[in-house]
There are 2 protein chains.
Amino acid sequence: MPVLETRDTDICDVPLVDPERVRRVAARLTDEVTTSLLADTFAALSDTTRLRIIEALSLEEMCVCDLSAAVRLSQSATSHQLRVLRNLRLVKHRRAGRLVYYSLDDDHIRGLFAQGLEHVREDIRR
Amino acid sequence: MPVLETRDTDICDVPLVDPERVRRVAARLTDEVTTSLLADTFAALSDTTRLRIIEALSLEEMCVCDLSAAVRLSQSATSHQLRVLRNLRLVKHRRAGRLVYYSLDDDHIRGLFAQGLEHVREDIRR
DNA sequence: TCAACGTATGAATAGGTGTTCATATATTGG
DNA sequence: CCAATATATGAACACCTATTCATACGTTGA
């Protein structure tokens, strides 16, 4: 977590152009806790390997071995990333003997993924 | 960019449980270029500082000075982050004398932000 | 034209992240 | 109960990122 600057007296080191606007906007910003969780959620989607994992699991439930093959990632790396996604409660898992099957546990993520894709594709078109 | 593992002969180092499924899913994964752009887009949203900037600019157009005050960040750090967002074409800017006004240049991002917020808030509720 | 001001940027640095390698854990077949 | 197998995890390492500090750049008022 980067150090957040605190300015009690003067908020900014340069004179404000429109203090009223600054106050107004600052007052409407989402609280820190929520923003932090939001950042964590997007961070889960900010890596190509996790995106591939998420997309794969959004298609079908898979065991770790098959998943790692499908996304072309080592078993270990796949497992590490699955833990990240598990901690964020984006995937769920069930045991089946020695196998562990993972699947998406969050429809919002599917939605974010889809909406992000739409944006990128439109961006590519230009 | 992390090193991507390549396995020509054997895709995985462990025997596959369901090779057909692996093939099927792998075939449907989004191509690398698009996935990479998608990851970049989400990466822009994966930091609380940038999220605050994006939210502020989604409310009102602001000059760098006022923006840095509103999001409680140094002028320099704000400027650095604006460059990141500019490179991703998420914000646009216009000069007004010595001032430079920034605003959101991407409605999709507003949508992603909103949808992400919705997810997080529902998550907090539980 | 020059000083002042708002913004941008390069370098340095501290902290974070993703992978690999080695190994531990859990489950089952024999 | 033991060997084999699937998955998980800790440590190490290379790379990336966000901030600060110093300074450069661009614009304007005097």
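What rotation, with what shift along its axis, superposes chain B on chain A? A rotation of 180 degrees with 0.0 Å of shift does it, at an RMSD of 0.0 Å. The two copies are thus related as by a two-fold rotation axis. The superposition is by least squares on the C-alpha atoms of residues with pLDDT of at least 70 in both copies. Phe42(B) comes closest to the axis among the residues of chain B, with its C-alpha at 2.8 Å.

This is a predicted model: local features need pLDDT of at least 70, side-chain atom pairs count only at pLDDT 80 or more, and totals for chains, interfaces and linings use all residues. Residues are numbered from 1 along each chain as its sequence is written, while chains are lettered from A and ligands numbered from 1 in the order in which they are written.

## The contact between chains A and B

The contact takes 57 residues from chain B and 58 residues from chain A. Two residues are in contact if their C-beta atoms, placed from the backbone, lie within 7 Å. On chain B, the elements that each supply at least two residues are H1, H2 (32–44), H3 (48–59), E1 (62–63), H4 (64–70) and H6 (107–125). Helices (H or I, at least four residues) and strands (E, at least two) are DSSP runs, numbered from the N terminus. The side of chain B that touches chain A divides into 29 nonpolar, 15 polar and 13 charged residues. Here Ala, Val, Leu, Ile, Met, Phe, Trp, Tyr, Cys and Pro count as nonpolar, Asp, Glu, Lys and Arg as charged, and the others, Gly among them, as polar. Of the interface residues of chain B, 100% are also interface residues in chain A, so the copies meet through the same surface.

## Three helices of chain B

H1(B) covers residues 19–28, and Arg21(B), Val22(B) and Val25(B) are buried in it. Buried means 20 or more other C-beta atoms within 10 Å of the residue's own, exposed 12 or fewer, and partly exposed in between; C-beta atoms are placed from the backbone. Seen down the axis of H1(B), the buried residues fall within an arc of 100 degrees, so they line one face of the helix. The arc is that of the directions from the helix axis to the C-beta atoms. Glu20(B) and Ala27(B) are exposed on the face turned away from the buried side. The cover over the buried residues of H1(B) includes H3, E1 and H4 of chain A.

H3(B) has 12 residues and reaches 17 Å from its first C-alpha to its last, close to the expected 16 Å. The expected span is 1.5 Å times one less than the number of residues. Buried residues of H3(B) include Arg50(B), Arg52(B) and Glu55(B), along with Leu51(B) and Ile54(B).

H5(B) has 13 residues and spans 18 Å, close to the 18 Å expected. Its residues Thr78(B), Gln81(B), Leu82(B) and Leu85(B) are buried. They cover an arc of only 110 degrees around the axis, which puts them on the same side of H5(B). An α-helix has 3.6 residues a turn, so residues three or four places apart point the same way. On the other side of H5(B), Ser76(B), His80(B), Arg83(B) and Asn87(B) are exposed. The cover over the buried residues of H5(B) includes H2, H3, H4, E2 and E3 of chain B.

## Positive phi in chain B

Most residues other than glycine have a negative phi. Two arginines of chain B have positive values:

| Residue | Phi | Loop | Other C-beta atoms within 10 Å |
|---|---|---|---|
| Arg72(B) | about 55 degrees | between H4 and H5 of chain B | 17, partly exposed |
| Arg89(B) | near 60 degrees | between H5 and E2 (91–96) of chain B | 12, exposed |

## The surface near DNA strand D

Which residues are the closest to DNA strand D? They are Cys63(A), Cys65(A), Ser76(A), Thr49(B) and Gly97(B), out of 29 that surround the strand. A residue is near a strand if its C-beta atom, placed from the backbone, lies within 6 Å of it. H5(A) gives the most to this surface, with 6 residues. By class, the surface has 12 nonpolar, 11 polar and 6 charged residues.

Cys65(A) sits in H4 of chain A. Cys65(A) is buried, with 21 other C-beta atoms within 10 Å. Its C-alpha atom is 8.9 Å from that of Val100(A), 35 residues apart along the chain.
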